[in-house]
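Please work through the following exercises on strand pairing with the predicted model open. Each task is followed by a worked solution.

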Amino acid sequence: MNQIPSRSIQDFTQLLKTCISRRDLLTGASLHTIYIKHLIPHSTYLSNHFILFYSKCRRLSAARTAFDTVTHPNIFSFNTIISAYAKESLPFIAHQLFDKIPQPDMVSYNTLISAYADRGDTLHAIELFTEMRELGLDMDGFTFSGAVTAACKDVGLICQLHSLAISGGFTAYCSVNNSLITYYGKNGFLDMAKCVFNQMGCNKDEVTWNSMIVAYSQHREGLKSLELYREMINLEVKVDIFTLASVLTAFTCLEDLRGGVQFHCQLIKKGFNNNTHVGSGLIDLYSKCDHGRMSDCKKVFAEVIEPDLVLWNTMVSGYSQNDDLSEDALSCFKQMQREGYQPDDCTFVCVISASSNLSSPSQGKQIHCLALKSDIPCNKISVNNALITMYSKCGNLIDARRIFDKMPEHNTVTFNSLITGYAQHGFPMEALHLFDHMLETNINPTSITFISILSACAHTGKVKEGRKYFSLMSDKFGIEPEEEHFSCMIDLLGRAGQLEEAERLIESMPFNPGIVGWGALLGSCRTHGNLELAVKAAKQCLLLEPSNAAPYVILAHMYAKANKWEEVATIRKCMRNNGVKKNPGCSWIEIDKKIHVFVAEDSSHPMLNEITKYWENLLSKMKSVGYRPDTGRYDGIREDEKGRHSEKLAVVFGLLSTKDGEPLYVVKNLRICGDCHNAIKIISGLTEREITVRDARRFHCFKDGQCSCGDYW
């Protein structure tokens, strides 16, 4: 067969178009072989269709080869191959091809603007948009929606684009208004999003409704999201998969598990439960409601026929939000990799968060190495922010600061992460200096920033500075103090012994201080021996959380110190009658990439005899330099002097299992007790070790017989 009859060229072209629409790679490649052998007359028209065919089939190298063989490429040839590179998130190669076009048209510009916008590259996208305006080229709705997407977090730029769209009549395009609603909503300008939505009148499509539903959910206005969904149904607006996923987001932000389950039932009846978008919404719902129902999440995940990366990310995120399931998050991440999925920035943020919860330095470093080796296309700043938090929580402020200093740009989360790290490690001056640097770089602090700053002041007794920053919140930055800010101030005043002022602050609060506020006051009462106020604070704590053992234990301890043994017996009886049990002290340490867990008065560890013997020798040396164990209990029973508190066991095991001079890192689930704090201070001096203990409230960095907290915790 030398040549196909000329009449069959039309059939050949039609068959090629069918292959393009169906993504039929096998048949289309066969047609290309026929074309290459010149059995069909060559034309730019047919060559362009082969570029499009390979692009649609996600065969970028084949598409480029097809483009390079076009003898006389036209504007369609260039636009098609540029689009192919744009889809693969390779805008810089696309830009090189763009520069070869003799006269780029509107489609050329729109494609490249969208490519840069998808990468989060605002600068290049807006430069192209500006170039279009200067050349007087025609624009359409896709031009403006791409530019708004590129503006992303720059609200000032979004407002300018909005003004240009209005003056140019581009707000008649649904796509422009949809982009404005999306990015006004994401940046906290809900009123502007509502204004755009309302001004559209009847010119709304399903994307418009979906965008507004999501905007309401992002602002914790789930009820309005559901009202909008009902309005869609009443107006018979087309409901798609994205609408359903948006409605699930509304139930999640309301923490309305019952409503979410009912909606889930409707989705099952309509056969939408095996869709990836709906599946992601359902996993997000179940993982965030009712303390995380991960068993339901696993069922949802199993029902999705073809899970995508977003679904895997949602699953990893669900596990990482629960401290007790962090190991499951890592297991899920490894399973995702085994099945061939490449992690993106969202994956790394979730799995780094899980490593932070585990306080596993080796695990965290492994994930960090994976992130460095990967090709994360955008939002790398979020990964670096997560790494700063992870290294801080693993007691490694040096690496946390190193990442901060190497980052090309910082945002609010970056500063908040490192400020929190400094505050928890007992370095208030570094935290305050970083706050000043934050303001110098014109990055506005948030509510979270001030929680960290006030916490830093509280843990170091800086009452004057604390009052200053508490006032600065509302006076300069318009941030109204919330429960956590008041709790920090109560803690600050209480630790400084100003208990009456702390009590007055509680009484003047515009809302109930909650368990954190009353708990802070109770802890301060224990420190300063104010039994009368402690009783009041404990009663308030128990009204809020009757099953919380801490108020009982603190009050019993204070009664015991005052030799009021009848009251101690009464408290113990109340605990028994109410079924309240004190959480056992638990500490863990990582040695050679393995976590070793110790429980108070533990006798199960295989090296217990060696630990006990080492402790006895160490105790003798400690006593020779002035250590006196404080082992008294509120029930009058004395604990032996073998160091059976979990943190002591973990530290001694670490000393036995590591080389001389190697730093130790121990995590405890409760607040470190005074005796263990004094003991580990002395141990750090005797052994010339740096020992970091992360308890439930902060970090204690012991070195040369001193602690970073300055004995003020």
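The exercises below concern the pairing and burial of five strands.

**Exercise 1.** Determine which strands pair with E1, and in what sense.

*Solution.* Step 1: begin with strand E1, residues 586–591. Strand E2 (residues 594–599) pairs with E1 in the antiparallel sense, over six bridges. Within this pairing, isoleucine 589 lies opposite histidine 596 of E2.
Step 2: examine the connection. Two residues separate E1 from E2 in a hairpin, and aspartate 592 in the turn has a positive phi of about 50°.
Step 3: turn to E3. E1 and E3 run antiparallel and are joined by three bridges; here tryptophan 588 faces valine 667 in E3.

**Exercise 2.** Establish how E4 is connected to E3 and to E5.

*Solution.* Step 1: strand E3 (residues 664–668) is paired with E4 in the parallel sense through four bridges, with valine 667 opposite arginine 694 in E4.
Step 2: follow the chain. Helix H37 (residues 674–687), together with E3 and E4, makes a right-handed β-α-β unit.
Step 3: E4 pairs with strand E5 (residues 699–703) in the antiparallel sense, also over four bridges. Cysteine 701 in E5 is the bridge partner of threonine 692, and the hairpin of E4 and E5 has four residues between the strands.

**Exercise 3.** State whether the residues on each face of E4 are buried or exposed.

*Solution.* Step 1: on one side of E4 (residues 691–694), Ile691 and Val693 are buried.
Step 2: on the other side, Thr692 and Arg694 are buried as well. Both faces of E4 are therefore covered, with buried meaning under 20% relative accessible area.
Step 3: consider E1 in turn, where five of the six residues are buried.

Note on methods
Residues are numbered from 1 along each chain as its sequence is written. This is a predicted model: local features need pLDDT of at least 70, side-chain atom pairs count only at pLDDT 80 or more; totals for chains, interfaces and linings use all residues. Side-chain values use heavy atoms; hydrogens and water are left out. Buried means under 20% relative accessible area, exposed over 50%, partly exposed in between (1.4 Å probe, protein chains only). Two strands pair if DSSP finds at least two bridges between them. A crossover is right-handed if, with the strands pointing away from the viewer, the path from the first strand over the helix to the second runs clockwise.
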